[in-house]
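The exercises below ask you to read a protein chain step by step, moving from its overall build to single residues. Keep the sequence and the 3D view at hand while you work through each solution.

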Amino acid sequence: MSNILKITADVTTVNKGDAIALDKTPLLGGAGREGILNIPVLPLTGVLKLQGAPANATGAAPGASSTDWTDLVTIDSTSDQVQQIDDLPRWIRYSTTTMDADGPDVNMFLEGVQ
């Protein structure tokens with residue numbers, strides 16, 4: 001099983017990505033595991049966030065406007081390209097808060113750490 005999850009963030013519009021379940025080892029959110037986030041190419045002028053949310057009673061992803069979503073990492077042109085995330089949540093998504101009209105999509109790679 002791969003321990004790397006690729007997340008492609010569209011930074012050309014202000015939007016929220018789909019919720020992604022971290023439900024397999026070593027990307028097992030809510031189990032006290034850590035992750036390393038690699039961002040090979042940072043956005044030029046845009047700002048995006050990697051957000052997380054815990055599992056709820058039904059196991060379903062929180063809604064797009066749910067208050068369960070919290071910011072894990074903020075990414076802009078000055079960010080570190082490698083960042084550690086302590087205690088992976090059950091769900092993650094990206095949220096573009098400032099668009100980068102000329103920029104390409106931003107690829108992020110989340111690596112699970114045992």
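**Exercise 1.** In this predicted model, decide whether Lys-24 is buried, partly exposed or exposed, and describe the charged pair to which Lys-24 belongs.

*Solution.* Begin with the accessibility: Lys-24 has a relative accessible area of 46%, and because partly exposed covers the range between 20% and 50%, Lys-24 counts as partly exposed. Next, look for a partner of opposite charge, since side chains of opposite charge can pair when their charged atoms come close. The side chain of Lys-24 meets that of Asp-23 in a salt bridge, with 3.9 Å from N to O, and this value satisfies the cut-off, which is within 4 Å. Asp-23 is likewise partly exposed, at 38%.

**Exercise 2.** Find how many salt bridges the chain has, and describe the one formed by Asp-71.

*Solution.* The count comes to two salt bridges. In the one formed by Asp-71, the partner is Lys-49, and the closest N and O atoms are 3.0 Å apart. Now place both residues along the chain: Asp-71 lies in strand 7 and Lys-49 in strand 6, 22 residues apart, so that the pair links distant parts of the chain. Asp-71 itself is partly exposed, with a relative accessible area of 43%.

**Exercise 3.** Describe the secondary structure and the overall dimensions of the chain.

*Solution.* Count the elements, and you find zero helices and 10 strands. Then consider the size: the radius of gyration is 13 Å, close to the 13 Å that the globule rule gives for 114 residues, so the chain is as compact as a globular protein of that length. The C-alpha trace spans about 40 × 30 × 20 Å along its principal axes.

**Exercise 4.** Which residues touch the most other members of the largest nonpolar core, and which elements contribute two or more residues to this core?

*Solution.* The core holds 20 residues, and those touching the most other members are Leu-37, Leu-48, Ile-75, Met-108 and Leu-110. Strands 1, 6, 7, 9 and 10 each give two or more residues to this core. Take Met-108 as an example: leaving aside neighbours within four places in sequence, its contacts include Leu-5, Ile-7, Leu-37, Leu-48 and Ile-75.

**Exercise 5.** Locate two backbone features, one at Pro-26 and one at Asp-87.

*Solution.* A cis peptide bond, with omega about 0 degrees, joins Thr-25 and Pro-26, and Pro-26 sits in the loop between strand 3 and strand 4. Asp-87, a residue other than glycine, has a positive phi near 50 degrees; Asp-87 is placed in the loop between strand 8 and strand 9 and counts as exposed, at 52% relative accessibility.

Definitions and conventions. Residues are numbered from 1 along each chain as its sequence is written. This is a predicted model: local features need pLDDT of at least 70, side-chain atom pairs count only at pLDDT 80 or more; totals for chains, interfaces and linings use all residues. Side-chain values use heavy atoms; hydrogens and water are left out. A nonpolar core is a set of buried Ala, Val, Leu, Ile, Met, Phe, Trp, Tyr and Cys residues joined through side-chain atoms within 4.5 Å. Buried means under 20% relative accessible area, exposed over 50%, partly exposed in between (1.4 Å probe, protein chains only). Helices (H or I, at least four residues) and strands (E, at least two) are DSSP runs, numbered from the N terminus. Contact means heavy atoms within 4.5 Å. The radius of gyration is taken over C-alpha atoms; the globule rule is 2.2 Å times the number of residues to the power 0.38.
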